[in-house]
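Q: I'd like a close look at a single part of this model, and then a walk outwards from there. Take your time with it.

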Amino acid sequence: MTTRLPKLVAFDLDYTLWGLWIDSDIQGPLHRDKNTINQVLDKHNEPISFYKHVPQILHRLRTAEVAIAAASRTSAPKLAHSALTLLLLPASNAGDNGTMKAIDFFDQLEIYPGSKITHFRKIHQKTGIPYSEMLFFDDEHRNKEVEGLGVTFCLVRDGVDDRTFEKGLAEWRKRHPEEVTEDIGSAS
Ligand SMILES: [Mg+2]
């Protein structure tokens with residue numbers, strides 16, 4: 001049996017995909033040392049990297065054709081955008097040499113201050129995907145307010161990792177059980 005997935009998975013940025021505050025812990029301009037995978041440096045060579053399980057999680061979603069969104073209320077959207085553009089990830093999980101820009105994994109980017117209800121309304125308007133088909137990972141409890149729209153919220157403790165990701169998927173599946181059609185006529 002294949003594992004059922006929501007149509008869209010959204011991630012917050014700070015302390016969800018990377019372990020820093022993009023608007024206060026780092027300073028632009030950002031740069032990258034050659035083609036270093038999963039590391040961008042700021043003005044003072046402070047590194048910015050996704051948590052270690054993030055690349056494979058993004059690959060898994062992409063392979064399954066699940067839409068991926070970033071929903072951040074940072075007050076430094078340009079810096080966040082720059083980090084996502086410069087960050088390189090392996091182009092596949094197969095271990096070959098290709099790379100891919102982190103930003104190219106994301107189908108939707110909603111990065112600006114304010115209530116994340118706005119971010120999700122925008123994602124819904126742009127994609128047409130129902131809120132019930134959206135799963136959201138975020139480290140701040142206050143953003144759970146998006147559940148008012150019907151989005152499934154999963155609180156992240158120490159950045160997104162495989163365990164948290166599975167926990168979110170399990171919660172989404174529990175809330176949206178598959179409709180089972182009973183085959184009444186088949187008994188003989
Ligand atoms: Mg955060």
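Is Trp 21 buried, partly exposed or exposed?

A: Keep in mind that this is a predicted model. Trp 21 comes out as partly exposed, because its relative accessible area is 36%, and that falls between the 20% and 50% cut-offs.

As for where to look, Trp 21 sits in the loop between S1 and strand S2 (40-41). Skip the neighbours within four places in sequence, and Trp 21 is in contact with Asp 14, Tyr 15, Ile 26 and Glu 140. Leu 87 is 66 residues away from Trp 21 along the chain, and the C-alpha atoms of the two are separated by 16 Å.

One of those contacts, Asp 14, leads straight to the metal. The magnesium ion is coordinated by Asp 12 (OD), Asp 14 (O) and Asp 139 (OD), at 2.1 Å. Note the atom labels here: Asp 14 is listed with O, while Asp 12 and Asp 139 are listed with OD. Written as a sequence pattern, the donor spacing is D-x1-D-x124-D. Asp 12 and Asp 14 are both buried, whereas Trp 21, in contact with Asp 14, is partly exposed.

Back to the loop that holds Trp 21, as it has a couple of backbone oddities. Pro 29 also lies between S1 and S2, and a cis peptide bond, with omega of about 0°, joins Gly 28 to Pro 29. Further along, Asn 38 belongs to that S1-S2 loop as well. Its phi is positive, near 55°, and Asn 38 is not a glycine. Asn 38 counts as buried because its relative accessibility is 14%, and the cut-off for that class is under 20%.

There is another positive phi to check, at Glu 65. This residue is in the loop between H1 and S4, just after H1. Glu 65 has a phi of about 60° and, again, is not a glycine. Unlike buried Asn 38, Glu 65 is exposed, with a relative accessible area of 73%.

H1 itself deserves a glance while you're there. The helix covers residues 54-63, and its buried residues are Val 54, Pro 55, Ile 57, Leu 58, His 59 and Leu 61. What covers them includes strand S1 (8-11), strand S4 (67-72), strand S5 (88-90) and helix H4 (162-175). So S1 turns up twice in this tour: as part of the cover over H1, and as one end of the loop where Trp 21 is found.

Now zoom out. The protein has four helices and nine strands, and from the N terminus on the order is β-β-β-α-β-α-β-β-β-α-β-β-α. Among contacts between residues at least 6 apart in sequence, 64% join residues at least 24 apart. Buried residues account for 43% of the 188 in the protein.

For overall dimensions, the C-alpha trace spans about 75 × 40 × 30 Å along its principal axes. The radius of gyration is 18 Å, which agrees with the value near 16 Å for a compact globule of 188 residues. The accessible surface comes to about 10,000 Å², and carbon and sulfur atoms contribute 48% of that. On the charge side, there are 23 positive and 27 negative side chains, and the centres of the two sets lie 3 Å apart.

Notes:
Residues are numbered from 1 along each chain as its sequence is written. This is a predicted model: local features need pLDDT of at least 70, side-chain atom pairs count only at pLDDT 80 or more; totals for chains, interfaces and linings use all residues. Side-chain values use heavy atoms; hydrogens and water are left out. Buried means under 20% relative accessible area, exposed over 50%, partly exposed in between (1.4 Å probe, protein chains only). Helices (H or I, at least four residues) and strands (E, at least two) are DSSP runs, numbered from the N terminus. Contact means heavy atoms within 4.5 Å. The radius of gyration is taken over C-alpha atoms; the globule rule is 2.2 Å times the number of residues to the power 0.38. Accessible areas come from the Shrake-Rupley method with a 1.4 Å probe; for residues, only the protein chains shown count as cover. Lys and Arg count as positive and Asp and Glu as negative; His and the chain ends are not counted. The place of a charge is taken as NZ of Lys, CZ of Arg, CG of Asp or CD of Glu. Donors are N, O and S atoms within 2.8 Å of the metal (3.2 Å for Na, K and Ca); water is not among the atoms, so sites may look incomplete.
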